[in-house]
Amino acid sequence: MTDSEPQEPGRTGHEFHHAAPRRSARPAHSLVLCGARLADGRTVDVRLVGERIEAVGTAGSLGGARESGTRLDLTGYLLLPAPAEPHAHYDSALTALTAEPPRPRHPEAGPGDTNGTAAGATGRAADGGQETAGGTDALPREDIQRRTTEAALLQLGQGATALRTHVHIGDVAGLRSLDAVLQAGRALSGMVDLHTVAVPRLLTGVAGAEGLAMLRDAVKRGATAVGGCPDLDPDPGGYVEAVLDVAAEHGCPVDLHTDGGDPARLARLAAAAGGLRPRVAIGPCGGLARLPHQVAQRAAGQLAAAGVTVVSLPQGNCGVLERPTPTAPSRMAPVRMLTAAGVRVTAGSGALRDAANQVGRGDPLEAAYLLASSGEARPNEAYEAISARARSAMGLPRVRVEAGFPAELLAVRATELAGALSLAYSRIVVHRGRVVARTSAVREYCDLAGAREPGLPRQSQG
């Protein structure tokens, strides 16, 4: 994988069997991953002690596991830094069968108005409506907690060991959804790290005063970031300022939804966010792809100068913004152009089988596959977008398969990275130095013409 950043302490390059500094108090568990293939083609053994990688050596050099440790044969597997999920919606996840169908665009919007549904949603909210992107206001807390747990475990099984979910607050439900998601995160502690972004509907004017107070309460309850959708507020600039004020007040990051189709609004957002760099993320920014190229390039330069991270959603919008129509189709953010301008771009899943996308898979490797297959990134860049850049956007330490780094790893049945993004169904997930999930895919073939029962081979890749 490419990496333009300076080397960090503990990096070994091609010099094997380099151990990190020993600790005085030895952790209780250790694990040796044997015969794993790295993205650069080397075959290595990796020893994990506690929550970190202690040593990386040539295959067979770490064969003598310590008495308290165990061994895991990863022959045939590609070992990678674990992905992270920077943009999910667990309070509405897995509601595809019960959620309301997508609503039509607001009647006041013209055929070329890409903010039509935003205006409609703002109008409904201002009139006291209770609509949310996933229709979760009426759902009981226990149901939200159960679906959050199920969705988090699904993404963990796919390889993501750190998750960031946006959670609606306010309206009828108040902080109920947030409390449910926080409780699920506590129950999953040790298996996966769950981060929450509090998302109020309105923050300006008389109607927004309650949302602003609730946003501060959400941070006190345990929300790790603040966000929302300024495009849905009557005063988008005021909304951004309110979120940034709360973030500065509590020292927490910002993660905002925006279509990015209004260059003037995007420029104001970038100018306001510059003071909190690099702790501001925005997405999905599909509207940037609809702008004239030069206009989009200018906007990209402004985002890069402000240090704003863009979270793209390759599998489609998450439903917080307008839904696609024949005149305003859903598009992915122009990742290649943003990256060339110096913007840090990551990729998330967005909707996971809810009203916005009833077939959303929530698979980080699929997000990388879509980036690569659409020509927005090379395979190594696409994987970087769902791993190193995703972790950076969430304020998490970098992971490399090298001594001294966190033991957050994903082993996929493949021989090289492009193959992993194409057919990597068999996966082993390591979180904090322990195997927390394992998926084994088997492909079988039946010889109908044969007189005897055929031997059915396991699939060799994936």
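Strands S2 and S3, which cover residues 30-37 and 43-49, pair in the antiparallel sense over six bridges, and they make a good place to begin reading this structure, which is a predicted model. Along this pairing, Arg37 of the chain stands opposite Thr43 in S3. Between the two strands of the hairpin lie five residues, and in this hairpin Gly41 takes a positive phi near 100°. Strand S2 is mostly covered, since seven of its eight residues are buried.

Cys34 has a residue number that falls within the range of S2, residues 30-37, and Cys34 counts as buried because its relative accessibility is 8%, while the cut-off for being buried is under 20%. The same reasoning can be applied to another cysteine, Cys252, which has a relative accessibility of 7% and therefore counts as buried. A student who meets cysteines in a structure may wish to ask about disulfides. A disulfide is a covalent bond between the sulfur atoms of two cysteines. How many disulfides does the structure hold? The structure holds zero of them.

From here we can turn to a histidine. Where is the place of His89? His89 is found in the loop that runs between strand S7, residues 84-88, and helix H1, residues 116-126. Is His89 buried or exposed? With a relative accessible area of 3%, His89 is buried, because that value lies under the 20% cut-off. The side chain of His89 takes part in a polar contact of 3.2 Å with the side chain of His87, and it also makes a polar contact of 3.3 Å with the side chain of His257. When residues up to four places away in sequence are not counted, His89 touches Thr165, His166, His257, Cys318, Val320 and Gly350, so that His257 appears both in this list of touching residues and as a partner in a polar contact.

With these details in hand, it helps to step back to the chain as a whole. The chain has 12 helices and 17 strands, and of its 462 residues, 55% are buried. If we consider the contacts between residues that are at least 6 apart in sequence, 75% of these join residues at least 24 apart. Finally, the chain exposes about 19400 Å², and carbon and sulfur atoms supply 51% of this area.

Conventions:
Residues are numbered from 1 along each chain as its sequence is written. This is a predicted model: local features need pLDDT of at least 70, side-chain atom pairs count only at pLDDT 80 or more; totals for chains, interfaces and linings use all residues. Side-chain values use heavy atoms; hydrogens and water are left out. Helices (H or I, at least four residues) and strands (E, at least two) are DSSP runs, numbered from the N terminus. Buried means under 20% relative accessible area, exposed over 50%, partly exposed in between (1.4 Å probe, protein chains only). Contact means heavy atoms within 4.5 Å. Accessible areas come from the Shrake-Rupley method with a 1.4 Å probe; for residues, only the protein chains shown count as cover. A disulfide is a pair of cysteine sulfur atoms within 2.5 Å. Two strands pair if DSSP finds at least two bridges between them. A polar contact is a pair of N or O atoms within 3.5 Å; within protein, one must be able to donate a hydrogen and the other to accept it, and residues adjacent in sequence count only if both atoms are side-chain atoms.
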